[in-house]
Amino acid sequence: MRKVFALALVLYSPAAFAQDKPPPTVGGKPLVQVSPKAAAPKGSAPKAKPQSIAAKLQACLDIDDETKERLTCYDAIFPPKPKPKAPAAKGVNDCASFKEEDERLKCFNGFAEKIPKLPQ
């Protein structure tokens with residue numbers, strides 16, 4: 001019993017002392033700033049769960065095929081980072097490296113169509 005008590009005293013003491021110290025600062029400002037969550041106004045709808053990347057890609061597939069709007073939808077998920085000589089895409093995020101819009105759209109379509117349909 002003494003060992004348990006001594007162990008609890010040893011572990012509790014540093015935690016208690018650590019709480020008395022002020023937070024670390026850089027230039028007089030706290031190193032980490034945490035803002036309180038704003039309360040939702042009464043009567044407002046709760047926030048929807050964020051969609052997965054797969055669900056977002058499938059939503060882009062609903063836009064007419066081979067259109068600028070569909071490419072814009074994909075580019076919103078993966079912002080384009082064109083490279084002069086982009087290698088073959090191994091993953092959907094690699095599609096953003098294609099410079100030509102037609103290639104980028106074809107690449108995104110290929111990956112999005114391979115995703116199993118998710119329940120809505």
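Buried, in what follows, means under 20% relative accessible area, with exposed being over 50% and partly exposed in between (1.4 Å probe, protein chains only). The model here is predicted, so local features need pLDDT of at least 70 and side-chain atom pairs count only at pLDDT 80 or more, while totals for chains, interfaces and linings use all residues. Residues are numbered from 1 along each chain as its sequence is written, and side-chain values use heavy atoms, with hydrogens and water left out.

**The overall layout**

Let's start with the big picture. The protein has four helices and two strands; helices (H or I, at least four residues) and strands (E, at least two) are DSSP runs, numbered from the N terminus. Read from the N terminus, the order of elements is α-β-β-α-α-α. Of the 120 residues in the protein, 19% are buried. The accessible surface is about 10,300 Å², and carbon and sulfur atoms own 62% of that; the areas come from the Shrake-Rupley method with a 1.4 Å probe, and for residues only the protein chains shown count as cover. As for contacts (heavy atoms within 4.5 Å), take those with a separation of 6 or more: 42% of them are between residues 24 or more positions apart.

**Helix 2 and its buried face**

Which residues of helix 2 are buried? They are Leu57, Gln58, Cys60 and Leu61. Looking down the axis of helix 2, these buried residues fall within an arc of 155 degrees, so they line one face of the helix. That arc is taken over the directions from the helix axis to the C-beta atoms. Some background helps here: an α-helix has 3.6 residues a turn, so residues three or four places apart point the same way. And what do the buried residues of helix 2 pack against? Their partners are helix 3 and helix 4.

**Two disulfides**

There are two disulfides in the structure, a disulfide being a pair of cysteine sulfur atoms within 2.5 Å. If you number the bonded cysteines in sequence order, they pair as 1-2, 3-4.

One of them joins cysteine 60 and cysteine 73, with 1.9 Å between the sulfur atoms. Cysteine 60 sits in helix 2 (residues 53–61) and cysteine 73 in helix 3 (residues 68–77), so this pair ties together parts that are 13 residues apart in sequence. The torsion about the S-S bond is -75 degrees, and the link is left-handed. The two ends differ in cover: cysteine 60 is buried at 0% relative accessibility, whereas cysteine 73 is partly exposed at 22%.

The other disulfide runs from cysteine 95 to cysteine 107, again with an S to S distance of 1.9 Å. Here cysteine 95 is in the loop between helix 3 and helix 4 (101–114), and cysteine 107 is in helix 4, so to speak twelve residues along. This disulfide is left-handed too, because the torsion about the S-S bond of cysteine 95 and cysteine 107 is about -65 degrees. Both cysteine 95 and cysteine 107 are buried.**Salt bridges from helix 4 to helix 3**

The structure also has two salt bridges. The term covers a side-chain nitrogen of Lys or Arg within 4 Å of a carboxyl oxygen of Asp or Glu.

| Residue in helix 4 | Residue in helix 3 | Separation in sequence | N to O distance |
|---|---|---|---|
| Glutamate 101 | Lysine 68 | 33 residues | 3.0 Å |
| Arginine 104 | Aspartate 75 | 29 residues | 3.1 Å |

How covered are these residues? In the first row, glutamate 101 is partly exposed at 38% relative accessibility, and lysine 68 is partly exposed at 47%. In the second row, arginine 104 is buried with a relative accessible area of 6%, and aspartate 75 counts as buried at 16%.

**Two more residues of helix 4**

Asparagine 109 belongs to helix 4 and is buried, with a relative accessible area of 4%. What does its side chain touch? The side chain of asparagine 109 makes a polar contact with the side chain of tyrosine 74 at 2.8 Å. A polar contact is a pair of N or O atoms within 3.5 Å; within protein, one must be able to donate a hydrogen and the other to accept it, and residues adjacent in sequence count only if both atoms are side-chain atoms.

Aspartate 102 is in helix 4 as well, but this residue is exposed, at 63% relative accessibility. Aspartate 102 and lysine 68 are 34 residues apart in sequence, and 9.5 Å separates them in space, C-alpha to C-alpha.
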